[in-house]
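This report goes through one protein model by its sheet, its cores, its largest pocket and a few single residues.

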Amino acid sequence: IACSFAAAAVQAEITIGVSLGTTGPGSSLGIPYKNAFSLVPKTLGGEPVRYIILDDESKPDGAAKNARKFVSEDKVDALMGSNGVPSGIAIAQVAAESKTPMVSLTPLPPMAADRSHWVFIVPQPTELMMGAVAQHMKSKGVKKVGFIGFSDSWGDLVYNAVNTLAPGF
């Protein structure tokens with residue numbers, strides 16, 4: 001006697017850990033990002049997806065803590081975040097260490113090849129953003145620029161981009 005068993009297709013749930021600064025100085029960006037997750041698809045590639053969203057308080061140490069929790073406790077398939085460069089850098093470090101893919105929601109500084117392999121940066125590079133600003137300033141006849149920026153990795157990215165672009169404009 002031959003028996004055959006028909007089993008329902010097993011669907012694996014895809015889990016994405018999302019760290020956002022929904023409080024603190026970055027909340028003006030973090031809250032809209034968080035709200036946008038109500039619009040994302042409930043499946044990816046035909047598989048169900050679950051987003052775990054945690055507040056990193058716009059702090060790099062909070063972002064790193066969230067990323068480590070996602071990787072070690074939640075066993076996420078991928079990381080996303082954050083809405084601030086310093087926090088994004090912290091998550092990227094955990095992504096590289098744990099070999100977990102990351103979608104960065106903010107520009108990041110250049111990384112070593114072994115780290116950048118795990119990180120996919122969504123926004124345009126800082127040089128492209130600042131190039132548009134420099135082009136506009138040139139078209140308006142601006143000859144001198146004063147820079148007031150954040151004294152963190154975001155400020156460094158903008159400052160370095162401005163210094164690189166200034167001679168050409």
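The sections below describe a predicted model, beginning with the sheet.

## The sheet

Six strands make up an open sheet of mixed pairing, and their order is β2-β3-β1-β4-β5-β6. The edges are formed by β2 (43–44) and β6 (119–121), each of which pairs on one side only.

Strand β4 (residues 78–81) runs parallel to strand β5 (residues 102–104), and three bridges join them. Within this pair, L79 stands opposite M102, and M80 has V103 as its bridge partner in β5. β4 also pairs with β1 in the parallel sense, here over four bridges. G17 has L79 of β4 as its bridge partner.

Both faces of β4 are covered. A78 and M80 are buried on one side, and L79 and G81 are buried on the other.

## T15 in strand β1

T15 belongs to strand β1, which spans residues 14–20. Is T15 buried or exposed? T15 counts as buried because its relative accessibility is 6%, and the cut-off for buried is under 20%.

Leaving out residues up to four places away in sequence, T15 touches R50, I52, V76, D77 and A78. Of these, A78 is one of the buried residues of β4.

## Nonpolar cores

The largest nonpolar core has 15 residues. Those that touch the most other members are F70, L79, I91, A92, M102 and V119. Two elements, α2 (60–72) and α3 (85–98), give two or more residues to this core. The largest share, five residues, comes from α3. L79 and M102, both listed above for this core, are also the residues that stand opposite each other where β4 meets β5.

Which residues does F70 contact beyond its neighbours within four places in sequence? They are G17, V18, S19, I52, L54, K75, V76 and L79. Another core, of eight residues, lies apart from the largest one. Its members include I16, V18, F37 and M80. V18 therefore belongs to this other core and is also in contact with F70, where contact means heavy atoms within 4.5 Å.

## The largest pocket

The volume of the largest pocket is about 450 Å³. Its lining consists of 20 residues, and the closest to the pocket centre are G26, L29, N83, G84 and V85. Helices α1 and α3 each supply at least two residues of this lining. α3 thus takes part in the pocket lining as well as in the largest core.

## S27 in helix α1

S27 lies in α1, the helix of residues 27–36. Its side chain reaches the backbone oxygen of G24 at 3.0 Å. Without counting neighbours within four places in sequence, S27 is in contact with G21, T22, P32 and S58.

## A112 in a loop

A112 is found in the loop that lies between β5 and α4 (113–116). How is A112 classed by its relative accessibility? A112 counts as partly exposed because the value is 42%, and this class covers the range between under 20% for buried and over 50% for exposed.

S72 and A112 are 40 residues apart in sequence. In space, their C-alpha atoms are 24 Å apart.

Technical notes: Residues are numbered from 1 along each chain as its sequence is written. This is a predicted model: local features need pLDDT of at least 70, side-chain atom pairs count only at pLDDT 80 or more; totals for chains, interfaces and linings use all residues. Side-chain values use heavy atoms; hydrogens and water are left out. A nonpolar core is a set of buried Ala, Val, Leu, Ile, Met, Phe, Trp, Tyr and Cys residues joined through side-chain atoms within 4.5 Å. Buried means under 20% relative accessible area, exposed over 50%, partly exposed in between (1.4 Å probe, protein chains only). Two strands pair if DSSP finds at least two bridges between them. A polar contact is a pair of N or O atoms within 3.5 Å; within protein, one must be able to donate a hydrogen and the other to accept it, and residues adjacent in sequence count only if both atoms are side-chain atoms. On a 1 Å grid over the protein atoms alone, a cavity is a set of points where a 1.4 Å probe fits but cannot get out, and a pocket is an open set with protein on both sides within 12 Å along at least five of seven lines; lining residues have an atom within 4 Å of a point. Grid points are joined across faces, edges and corners, and a volume is the space filled by probe spheres set on the points.
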